[in-house]
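Hello,

Here is the structure I promised to pass on. Have a look at it first, and then read on for what turned up.

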Amino acid sequence: MDRAQKKEMVEDLGQIFSESGSVVVARYAGLTVAQLTDLRRRMGAVGAKFSVIKNRLAKIALENSDRGSAGDMFTQPTGIAYAKDPVAAAKVAAQYAKENEKFVIVGGLLGKTALNDEGVKALASMPSMEELRSKLLGTLNAPASKLARTLNAPAASLVGVLEAHRKKQEEQAAA
C-alpha cells in the first residue's frame, strides 16, 4: 500500500468514526472466510458494515479527531462494525460474539465516548431506532384511538338499544 492509499484510508476511517452512530471494535483472529462473510451478511441485513482495518491507520485517524483515547483498542487483528443507527452494529456484533468464541468485542465508540466491551453489550441491549420510533408512534396514536372509541361508544350503545327495541316489537307482533 503506497502513501496515497494510506492517506485515503485514514480519511475514510476518520469519516467512519465521525459519521457513524456507533463503532464496535472487535478481534476476529481465527475466523474463517466463511464466518467473516456470514458476519458481513448479518451486518448488511441491519444496515451496518464490518471491515477489517489496519490498526496503525485507525490510530492515526483517531488522533486526527478528538477520539485519540480510543486508539489503545486497536491491537492484534482488529475489525470494526459500524452503522448510522447507534444500536444496529452493536446488536449484531454482540449476538455474533455469543455464537462464536473467536469473535471478541474489545470496545467501541459512541459519538466521542469510548466504550469498553460491557458498554457495547449494554448498547446492544437497547431498542433500535426503528423500535423506538414505533413505540413513539404507538404512544402518539393512543390518545386518538381512545378518543375515537369514546366518541363511538354512545352510538354503539344507541344501536344496541334500538336493536333490542326492534326485537321486542317483533316478539310482541308475533305473539
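To begin with a single residue: in which loop is Asn 100 found? Asn 100 is in the loop between α4 (88-99) and β4 (104-110). Please keep in mind that this is a predicted model.

Is Asn 100 buried or exposed? Its relative accessibility is 10%, so Asn 100 counts as buried, the cut-off for buried being under 20%. The side chain of Asn 100 reaches the backbone nitrogen of Lys 102 at 3.1 Å. Leaving aside residues up to four places away in sequence, Asn 100 touches Leu 31 and Gln 35.

Now to the sheet. The sheet is open and has five strands, in the order β2-β3-β1-β4-β5, with antiparallel pairing. At its edges stand β2 (49-53) and β5 (113-116); each has a single partner strand, so one side of each is left without a neighbour in the sheet. On average, neighbouring strands of this sheet are turned by 25 degrees against each other, direction ignored.

If you would like to follow one pairing by eye, try β4 and β5, which pair in the antiparallel sense over four bridges. Leu 109 stands opposite Ala 114 in β5.

Two helices are worth finding next. Helix α5 (residues 117-124) packs on the sheet, where it touches β1 (22-27), β4 and β5; the direction of α5 makes about 95 degrees with that of β5. Helix α2 (residues 33-45) lies across β2 and β3 (78-83), and α2 runs at about 140 degrees to β2.

Enjoy exploring, and best wishes

Definitions and conventions: Residues numbered from 1 in each chain as written. Predicted model: local features only at pLDDT ≥ 70, side-chain atom pairs only at ≥ 80, totals over all residues. Heavy atoms only, no water. Buried < 20%, exposed > 50% of the residue type's maximum accessible area, 1.4 Å probe, protein only. Polar contact = N/O pair within 3.5 Å; in protein donor to acceptor, adjacent residues only side chain to side chain. Contact = heavy atoms within 4.5 Å. Pairing = 2+ DSSP bridges. Axes fitted to C-alpha atoms, helices over the stretch in contact; angles between N-to-C directions.
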